[in-house]
Each structure stands twice: as structure tokens, then as C-alpha cells.
Amino acid sequence: MPEQLAVAEIVGRYVRLEPLTSSHVEALVEACQVDRSMYSFTPVPEDYAGMVRFVEDLLADWKAGLVVPFAQVDVTRERAVGATRFMTLRRRSEGELPYAVEIGGTWLAATAQRTGINSEAKFLLLRHAFETWGVARVDLKTDARNERSRAAILRLGATFEGVLRSWQPSLVQGEQDRYRNSAMFSITREEWPQVREHLASIIR
């Protein structure tokens with residue numbers, strides 16, 4: 001992991017983003033069992049062994065400088081209720097801070113959805129990307145069929161840029177041999193002040 005990408009925990013009113021470690025596995029297993037119908041388009045491990053692999057794979061990618069993963073901790077319950085990460089880090093050269101990143105790989109326990117945790121987590125990640133790393137843009141994307149996710153991204157204040165056809169392998173169970181269309185959204189550095197004000201108003 002490049003030193004420039006080291007991120008300490010980021011604390012909000014409803015959620016604390018902690019650098020993901022193996023110590024989060026047990027709570028994440030509990031979180032993902034609440035209502036698995038919520039994960040139609042999102043690959044979320046089903047059991048303890050799967051969660052261990054999930055965390056180990058992310059930590060390997062973190063050490064390689066490919067992602068910066070977090071556990072989403074419900075501040076009220078002091079319990080990890082999901083995961084998220086910076087990914088698709090784009091840099092001009094190795095060792096530099098990214099000029100653009102994607103926020104993705106996000107999932108939450110059903111009980112943590114529509115509680116303010118997701119909106120605040122996105123706010124904290126966006127603030128870090130724009131104000132600490134100084135990126136020019138942040139990407140957010142989802143399966144083009146995932147209307148719920150698309151609506152949630154728009155509510156953040158992101159701009160819809162279009163659908164990228166056959167952009168990546170499908171993440172839907174049973175579609176491993178298919179490629180999905182991805183709906184792409186972004187927020188640019190110039191748009192961030194307005195988006196920041198909007199997000200601050202909805203997570204009070």
C-alpha cells in the first residue's frame with residue numbers, strides 16, 4: 001500500500017469508516033444474514049468462510065495499492081454493518097495520489113439501510129477524495145438494471161453520464177458467463193461544493 005493512500009478511520013454522526021481488517025469478519029457475517037434479498041446485484045458473502053475470503057482478497061488488493069477498503073460501523077450500535085471502498089484509483093504515475101477514484105463495492109445490512117448511514121458514508125468518502133486527495137472526479141456506477149441503486153446515486157447529487165455496454169462481468173448470481181451494462185455517474189471537483197452542501201443538509 002503506497003503511504004499516500006493510507007487512510008485512518010473517518011468518523012461521522014451515524015457511521016464510522018474503519019480500515020477493513022479481519023477483526024470485522026464476525027460482525028459482517030451477522031450483518032449480511034439479515035435479509036439477503038437486498039443483494040440481487042451485489043456479491044456479498046453468505047457465510048463465515050466466504051466473508052474471510054472476501055476480507056482477505058480486499059486486504060491483498062489494498063496491499064497492492066488497488067483499493068482502500070472500509071468497514072461501515074454503525075456508531076449507535078458500535079457494530080460493523082457493511083463494507084465499502086475506494087477503487088479504480090487512477091494515477092498519473094506510481095506513488096502519486098490519484099486524480100480520480102471510484103466509490104463502490106458497497107453493501108449494508110438491511111437494518112442499516114435508509115438510516116442515514118449510506119448517505120453519510122458517501123459524504124465522508126467524497127470529502128476525503130476531494131479535500132484530502134484533491135481528486136478531479138469521483139465515479140459511482142451500478143448495474144444498469146439496478147433502479148434502486150441508480151436512484152440512490154442520483155439522490156447524492158451525482159450526474160448520470162450514460163450506460164457503458166458490456167462494461168464488466170455480471171455480479172449477479174448465475175450470470176458469471178455474462179457481461180453487464182453499467183450505469184455510470186460522477187461528481188467533479190467543480191461540482192463538489194454544491195454536492196457537499198446538499199449532502200450536509202440531508203444527513204443532519
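**A note on helix α1 and the two largest pockets**

1. Let's start with helix α1, which spans residues 25-32 and is mostly covered, with six of its eight residues buried. Please keep in mind that this is a predicted model.

2. Which residues of α1 are buried? They are Val25, Ala27, Leu28, Val29, Ala31 and Cys32. As for their partners, these buried residues pack against α2, β4 and β5.

3. Now to the pockets. The largest pocket has a volume of about 1400 Å³, and 47 residues line it. Nearest its centre lie Thr42, Thr106, Trp107, Asn146 and Ser149.

4. Several elements give two or more residues to the lining of the largest pocket: the helices α2 (48-63), α3 (117-132) and α4 (147-156), along with the strands β4 (79-90), β5 (100-108) and β6 (137-143). You may recognise α2, β4 and β5 from point 2, as the buried residues of α1 pack against them.

5. If you are thinking about chemical character, the lining of the largest pocket divides by class into 20 nonpolar, 15 polar and twelve charged residues.

6. The second largest pocket has a volume of about 220 Å³. Its lining is made up of 13 residues, and those nearest the centre are Thr42, Pro43, Val44, Leu171 and Gln173. By class, this lining has six nonpolar, five polar and two charged residues.

7. One residue to look at in your viewer is Thr42: it is among the residues nearest the centre of the largest pocket, and it is also listed among those nearest the centre of the second largest pocket.

Terms used
Residues numbered from 1 in each chain as written. Predicted model: local features only at pLDDT ≥ 70, side-chain atom pairs only at ≥ 80, totals over all residues. Heavy atoms only, no water. 1 Å grid on protein atoms, 1.4 Å probe; cavity = no way out; pocket = protein on both sides within 12 Å on 5 of 7 lines; lining within 4 Å. Points joined across faces, edges and corners; volume = space filled by probe spheres on them. Helix = DSSP H or I, 4+ residues; strand = E, 2+ residues; numbered from the N terminus. Nonpolar A, V, L, I, M, F, W, Y, C, P; charged D, E, K, R; others polar. Buried < 20%, exposed > 50% of the residue type's maximum accessible area, 1.4 Å probe, protein only. Contact = heavy atoms within 4.5 Å.
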